[in-house]
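Reader: Hello! Could you walk me through this structure step by step?

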Amino acid sequence: MKKVFLLMTVLVSILVLVSACGQPQPAEMPPPQEKGSLRVEVSRYGFNKTPGEFRLEVEEGQEVEITFVYGDDGLSQNNPHVLASPDYGITTGILGRDNPEVTLRFTAKETGEVAFMCILYECVGHHNLHTID
Ligand SMILES: [Cu+2]
């Protein structure tokens with residue numbers, strides 16, 4: 001009798017699982033973020049509020065798109081930044097209140113880390129947007 005009960009339990013479980021699979025999906029999932037596309041906040045506290053240069057792992061041949069977003073709205077004055085990757089010889093335009101998003105695009109020439117930093121030395125919190133020695 002116990003065996004029959006166990007068998008029934010297993011059968012019911014399978015039926016529940018099978019019918020659940022047939023249900024329409026509740027909502028469309030948002031498309032996954034495009035590979036190599038990234039948003040990073042830049043403020044006087046650092047990249048994503050972390051002091052030091054921003055480092056990104058890339059793979060050779062990867063199309064990298066990195067958007068820097070102005071994060072100093074809490075300051076009374078404008079606090080412009082210019083972001084650069086010396087490894088790739090690329091810089092953004094001025095990131096500031098009037099231009100709150102700037103994007104860098106490049107193709108990774110080798111696998112490893114790429115460093116980004118602010119090259120506008122006058123900015124508030126500049127020491128948080130550069131290599132920490
Ligand atoms: Cu800066």
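Author: Gladly! One definition comes first: a residue is buried if 20 or more other C-beta atoms lie within 10 Å of its own, exposed if 12 or fewer, and partly exposed in between. Please keep in mind that this is a predicted model.

Reader: Is Glu110 buried or exposed?

Author: Let's place Glu110 before we count: this residue sits in the loop between β7 and β8. Inside 10 Å, Glu110 has 10 C-beta neighbours. The cut-off for that class is 12 or fewer, so Glu110 counts as exposed.

Reader: What separation do the C-alpha atoms of Glu110 and Glu59 have?

Author: Along the chain, these two residues are 51 residues apart. In space, the separation of the C-alpha atoms of Glu110 and Glu59 is 6.3 Å.

Reader: Which residue in β8 is the bridge partner of Val58?

Author: Start with the strands: β3 (residues 54-58) pairs with β8 (residues 112-118) in the antiparallel sense, over 5 bridges. β8 also pairs with β5 (residues 83-85), again antiparallel, over 2 bridges, and there Ala84 stands opposite Met117. For Val58, the bridge partner in β8 is Gly112.

Reader: Which strands stand at the edges of the open sheet of 4 strands?

Author: This sheet has mixed pairing and the order β2-β1-β4-β7. An edge strand here has a single partner strand, so one side of it is left without a neighbour in the sheet. Those strands are β2 (46-47) and β7 (101-107).

Reader: And which residue in β4 is the bridge partner of Val40?

Author: β1 (residues 37-43) and β4 (residues 63-70) pair in the parallel sense over 6 bridges. In β4, the partner of Val40 is Phe68.

Methods: Residues numbered from 1 in each chain as written. Predicted model: local features only at pLDDT ≥ 70, side-chain atom pairs only at ≥ 80, totals over all residues. Pairing = 2+ DSSP bridges.
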